[in-house]
Amino acid sequence: MSDKIELSEEELREIAGFAARCASRVLSIFEQSLPADTRPRDAIDAAHAFAAGERRTGALRQSAWAAYRAAGDAAAPERVAEPAAADAARAASHAAAAAYLHPRASPHQVKHILGAPAHAARAEELQSKGGVQERRGSSDTFEWARLHAPPAVGAVLGRLPAAPAGGGRVGELIRELDAALRE
């Protein structure tokens, strides 16, 4: 396999739109914990705008980083936010960052494509059991993502090596979704 892959702007838009739809499914988890923090919503909105044809700008990239920082804030020990809120914010961060997928044949790129649905699924798992961090099986978002991924997701995954090992429960979800979408 070459170290480069073909990657069109239309594929990037489809992947970002898919990631934004996945992250949107769990945004309320974050907003219930930190209602005044709009960074994850802003990142999802920016990903939706890119998917709809807006330009890929520095503001889009910054919204991804801002949602990432919101995840860190939600997970901070002094916060009372549920652990699920941090994964919901990470899903939003991955949604905006999906617009910046690299045309490189690296297993790491699989994490960029499937990070939003995997973190969204983990947020649902954590919320369903009050933050207990054990495996719970598939979440609604995991199943939704498996059934509703646009053709570009499977096409681009097919040009990449399989998802890498590691990454805890989110890594497991990425590998399970990667395998399912390559079938």
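## Rings, charges and a helix

Arginine 61 lies over the face of tyrosine 100, at 3.9 Å from the ring centre. Keep in mind that this is a predicted model. A similar arrangement turns up at phenylalanine 50, where the charged end of arginine 13 sits over the ring, 4.5 Å from its centre.

Phenylalanine 50 also brings us to helix H3, which covers residues 39-51. With 13 residues, H3 reaches 18 Å from its first C-alpha to its last, close to the 18 Å expected at 1.5 Å a residue. Which residues of H3 are buried? They are Pro40, Ala43, Ile44, Ala47 and Phe50. These residues cover an arc of only 125 degrees around the axis, so they sit on the same side of H3. Their packing partners are helices H1 (9-24), H2 (27-33), H4 (58-75) and H5 (83-97). Just after H3 comes glycine 53, with a positive phi of about 120 degrees.

Now for rings that meet other rings. The count comes to 2 aromatic pairs:

| Pair | Centre to centre | Angle between planes | Type |
|---|---|---|---|
| Phenylalanine 18 and tryptophan 144 | 6.4 Å | 10 degrees | stacked |
| Tryptophan 65 and tyrosine 68 | 5.7 Å | 85 degrees | edge-to-face |

The stacked pair links distant parts of the chain: phenylalanine 18 is in helix H1 and tryptophan 144 in helix H7 (residues 140-148), 126 residues apart. Both phenylalanine 18 and tryptophan 144 are buried.

As for the other pair, tryptophan 65 and tyrosine 68 are 3 residues apart in helix H4, so about one helical turn separates them. Tryptophan 65 is partly exposed, at a relative accessible area of 45%, and tyrosine 68 also counts as partly exposed, at 48% relative accessibility.

Conventions: Residues are numbered from 1 along each chain as its sequence is written. This is a predicted model: local features need pLDDT of at least 70, side-chain atom pairs count only at pLDDT 80 or more; totals for chains, interfaces and linings use all residues. Side-chain values use heavy atoms; hydrogens and water are left out. Helices (H or I, at least four residues) and strands (E, at least two) are DSSP runs, numbered from the N terminus. The expected span of a helix is 1.5 Å times one less than its number of residues. Buried means under 20% relative accessible area, exposed over 50%, partly exposed in between (1.4 Å probe, protein chains only). The arc is that of the directions from the helix axis to the C-beta atoms. Contact means heavy atoms within 4.5 Å. Rings of Phe, Tyr and Trp (its six-membered ring) pair if their centres lie within 6.5 Å; planes under 30 degrees apart count as stacked, over 60 as edge-to-face and the rest as tilted. A charge sits over a ring if NZ of Lys or CZ of Arg is within 6 Å of the ring centre and within 35 degrees of the ring normal.
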